Amino acid sequence: MDISYDMFIETEIPKDELIISRTDLKGIITYANETFAKISGYEVDELIGKPHNILRHPDMPKSVFKDLWDTIKTGKSWSGYVKNLRKDRGFYWVYAEISGVYKDGELVEYKSMRSFVPKEKRIEMQNLYDKMRKEAGENVRCVSYIKASLYDNLVKKAKEKNISVEKLLESI
Ligand SMILES: Cc1cc2nc3c(=O)[nH]c(=O)nc-3n(C[C@H](O)[C@H](O)[C@H](O)COP(=O)(O)O)c2cc1C
């Protein structure tokens, strides 16, 4: 049976480097620095023109991004902790500061500077975001070790029914 396993590997931003990006008013990336490319696993050219949500990690509660956009749209700056998804589906935590770029007093773009998060803070934020998603009825993170034979059976049953393993578990 062909079963693929995902490896979720964490990447750390070096303490002396910053991830920098700019977006248009809709969140489409217009500038990315080399550190952004290196840490996210994309090439700079791949990032430009893409919506910033290509980095959205399923562990992030929706309300965090709502707060982010509600804040920056009114011209204020937003800061907070974000878990991001790498191109290879690994992840990295950032402390992000996002604010407006003004030209002749008019809001034309947004800019973001992201930096290293200490390990204890990452654990605290993971727990907080897990709790927030659960309370909001969003997806929950479930890491479980089960016998290989049981897993093979689940995958086989899901294939027979032409549904995902998640859908199969929902029906139990
Ligand atoms: C300047 C700027 C930087 C952003 N940086 C990130 C980021 O690093 N990771 C992320 O998931 N979303 C980031 N966002 C928010 C995304 O635009 C988007 O709202 C978020 O990924 C959630 O996706 P959704 O709005 O499609 O639900 C950023 C937005 C702006 C304006």
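So, six helices and five strands: that is what this chain is built from, and please keep in mind that we are looking at a predicted model. Reading from the N terminus, the order of elements is β-β-α-α-α-β-β-β-α-α-α. The C-alpha atoms fill a box of roughly 65 × 35 × 35 Å along the principal axes. Of the 172 residues in the chain, 16% are buried. And if you take contacts between residues at least 6 apart in sequence, 48% of them join residues at least 24 apart.

Let's turn to the sheet. In what order do the five strands sit? The order is β2-β1-β5-β4-β3, in an open sheet with antiparallel pairing. β2, residues 29–32, and β3 are the edge strands; each has a single partner, so one side of each lacks a neighbour in the sheet. From one strand to the next, the twist averages 30°. As a quick reminder, strands of a sheet pair through backbone hydrogen bonds, either parallel or antiparallel.

Now the pairs themselves. β3 and β4 are joined in the antiparallel sense over eight bridges, and K83 has W93 in β4 as its bridge partner. β1 pairs with β5 over five bridges, again antiparallel, with I20 standing opposite M113 in β5. β1 also pairs with β2, antiparallel, over three bridges, and there R22 is bridged to Y31 in β2. The hairpin of β1 and β2 has five residues between the strands, and G27 in it takes a positive phi near 95°.

While we are on β1, which of its side chains are buried? I19, S21 and T23 are, and they point to one face, while I20 and R22 point to the other and are not buried.

G27 brings us to the ligand. There are 15 residues around the ligand, and the closest are G27, H52, N53, R56 and S112. The elements giving two or more residues to that shell are β1 (19–23), α3 (62–73), β3 (78–85), β4 (91–103) and β5 (106–115). For those of you thinking about chemistry, the shell has seven nonpolar, seven polar and one charged residues.

On to the helices, with a small sanity check. For α3, twelve residues at 1.5 Å each should span 16 Å, and the end C-alpha atoms are 17 Å apart, so that agrees. After α3 comes G75, with a positive phi near 90°. For α5, residues 148–161, the 14 residues should span 20 Å and the end C-alpha atoms are 20 Å apart, which agrees. How many residues of α5 are buried? The count is zero among its 14 residues, so to speak a helix that is hardly covered. Just after α5, N162 takes a positive phi of about 60°.

One last stop, in the loop between α2 (44–47) and α3, where I48 lies. Is I48 buried or exposed? Neither, quite: I48 has 15 other C-beta atoms within 10 Å, and being buried would take 20 or more while being exposed would take 12 or fewer, so I48 counts as partly exposed. Leaving aside residues up to four places away in sequence, I48 touches I29, T30 and A32. By contrast, P61 is 13 residues from I48 in sequence, and the two C-alpha atoms are 25 Å apart in space.

Note on methods:
Residues numbered from 1 in each chain as written. Predicted model: local features only at pLDDT ≥ 70, side-chain atom pairs only at ≥ 80, totals over all residues. Near = placed C-beta within 6 Å. Helix = DSSP H or I, 4+ residues; strand = E, 2+ residues; numbered from the N terminus. Nonpolar A, V, L, I, M, F, W, Y, C, P; charged D, E, K, R; others polar. Pairing = 2+ DSSP bridges. Axes fitted to C-alpha atoms, helices over the stretch in contact; angles between N-to-C directions. Expected span 1.5 Å × (residues − 1). Contact = placed C-beta atoms within 7 Å.
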